Amino acid sequence: MEIMRFDHVGLKIKESQILDNITFSTEPGEIVGIAGPSGSGKTSLLRLMNLLRSPTTGTIFYKDRNVIDYDPVQLRREVGYVLQKPYLFDGTVQDNLEYPYQVWNQKPDMIEMRAYLERVNLPASMLGKRKTEMSGGEQQRVALVRSLLAKPQVLLLDEVTASLDEENTLVLEKLILEEWASRSLTVFFISHIPDQLQRLAKSILYVDRGQLHYQGPLGDYFQLRGGLNNE
């Protein structure tokens, strides 16, 4: 069963055609890198998967079911989304990390929360902090932990390491690969960094000017990359 499929999907906002005739499919457990120039429609692609926007034309299927037939809250339990600019709720880090448990009607697991913070290089003392007391990189790591605590089946990542130094970038990449390997997580991630695409991606979607110019294996993408960038 395909976990995500776009069938001739287009997105128009006001008079601007953001995405045009996008068709691809993804099997469960893939790590898909989304590449392309700035402003090419990559973020809009992720927003459609999470029902933050609805397609103007075409159909998006999640587990062979049209995404617009899902209750958005139900869909977002399974399809987590970490924004490029981290969004944390008011309150403390602990309040944010307890939210996934509340969504699933479970008792918050402090041991699990602390363990995930440690895995992203943050101390347990971070639990008492508010977002105004944190750097952008710290907020980004907390936002990723919050999404992973919800145990999504699909994780959407929009340049989540953009505000991190090299050390913490590698820490997050390690966590993403560990989660992918341990529970067959499907990951779509946007990156402008070729080395990061090579470290994480198994396949690539290359988007330019709202159109999908390449879907396929990582190795083939890098062989074709010069031509794609010059189209």
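Two rings of Phe, Tyr or Trp (its six-membered ring) form an aromatic pair if their centres lie within 6.5 Å. Planes under 30 degrees apart make the pair stacked, planes over 60 degrees make it edge-to-face, and anything else is tilted. Keep that in hand for the exercises below, which all work on a predicted model.

**Exercise 1. Aromatic pairs**

Task: Find how many aromatic pairs the whole structure holds, then classify the pair Y87 and F89 and the pair Y214 and Y221.

Solution.
- Step 1. Searching the whole structure gives 7 aromatic pairs.
- Step 2. For Y87 and F89, the ring centres are 5.7 Å apart and the planes stand at 80 degrees, so this pair is edge-to-face.
- Step 3. Y214 and Y221 have a centre-to-centre distance of 5.9 Å and 40 degrees between their planes, and the pair is tilted.
- Step 4. Now look at the surroundings. Y87 has a relative accessibility of 49% and counts as partly exposed; F89, at 27%, is partly exposed too. Y214 and Y221, on the other hand, are both buried.
- Step 5. Y214 and Y221 also belong to one aromatic cluster with Y206 and F222.

**Exercise 2. Charges over rings**

Task: Which ring has the charged end of R77 over it, and which residue lies over the face of F89?

Solution.
- Step 1. Start at R77: its charged end sits over the ring of W104, 5.2 Å from the ring centre.
- Step 2. Turn to F89, the partner of Y87 in the edge-to-face pair. R146 lies over the face of F89, at 4.5 Å from the ring centre.

**Exercise 3. Checking helix 5**

Task: Compare the expected span of helix 5 with the distance between its end C-alpha atoms, and decide whether the helix is largely enclosed or largely open to the outside.

Solution.
- Step 1. Helix 5 covers residues 136-149, which is 14 residues.
- Step 2. The expected span is 1.5 Å times one less than the number of residues. For helix 5 this gives 20 Å, and the end C-alpha atoms are 20 Å apart, so the two agree.
- Step 3. Of the 14 residues, 13 are buried; therefore the rest of the structure largely encloses helix 5.
- Step 4. After the helix comes K151, with a positive phi near 55 degrees.

**Exercise 4. The sheet of 4 strands**

Task: What is the strand order in the open sheet of 4 strands, and which strands are at its edges?

Solution.
- Step 1. The order is 2-1-4-5, with antiparallel pairing.
- Step 2. Strand 2 (16-26) and strand 5 (65-66) are the edge strands, as each pairs on one side only.
- Step 3. Inside the sheet, strand 1 (residues 4-13) and strand 4 (residues 57-62) run antiparallel and are joined by 5 bridges. In this pairing, F6 faces I60 of strand 4.

**Exercise 5. The sheet of 6 strands**

Task: Trace the open sheet of 6 strands from edge to edge, then find where helix 5 packs on it.

Solution.
- Step 1. The order reads 6-7-8-3-9-10 and the pairing is mixed.
- Step 2. At the edges are strand 6 (79-82) and strand 10 (211-217), each pairing on one side only.
- Step 3. From one strand to the next, the twist averages 15 degrees.
- Step 4. Helix 5 packs on this sheet by touching strand 6 and strand 7 (154-158), and its direction makes about 175 degrees with that of strand 6.
- Step 5. Strand 6 and strand 7 run parallel with 4 bridges between them, and G80 stands opposite L155 of strand 7.
- Step 6. Check the side chains of strand 6: V79 and Y81 point one way, G80 and V82 the other, and all are buried.
- Step 7. At the other edge, strand 9 (residues 203-208) pairs with strand 10 in the antiparallel sense over 6 bridges. S203 is placed opposite P217, and D208 opposite Q211.

**Exercise 6. Positive phi values**

Task: Where do H8, N105 and R209 lie?

Solution.
- Step 1. Recall the background: most residues other than glycine have a negative phi.
- Step 2. H8 has a positive phi near 55 degrees. H8 is placed in strand 1 and is partly exposed, with a relative accessible area of 45%.
- Step 3. N105 has a positive phi of about 55 degrees. N105 lies in the loop between helix 3 (93-103) and helix 4 (110-119), and at 71% relative accessibility N105 counts as exposed.
- Step 4. R209 takes a positive phi near 50 degrees in the hairpin of strand 9 and strand 10, where 2 residues separate the strands.

Note on methods. Residues are numbered from 1 along each chain as its sequence is written. This is a predicted model: local features need pLDDT of at least 70, side-chain atom pairs count only at pLDDT 80 or more; totals for chains, interfaces and linings use all residues. Side-chain values use heavy atoms; hydrogens and water are left out. Buried means under 20% relative accessible area, exposed over 50%, partly exposed in between (1.4 Å probe, protein chains only). A charge sits over a ring if NZ of Lys or CZ of Arg is within 6 Å of the ring centre and within 35 degrees of the ring normal. Two strands pair if DSSP finds at least two bridges between them. Axes are lines fitted to C-alpha atoms, for helices over the stretch in contact, and angles run from 0 to 180 degrees between N-to-C directions. Contact means heavy atoms within 4.5 Å.
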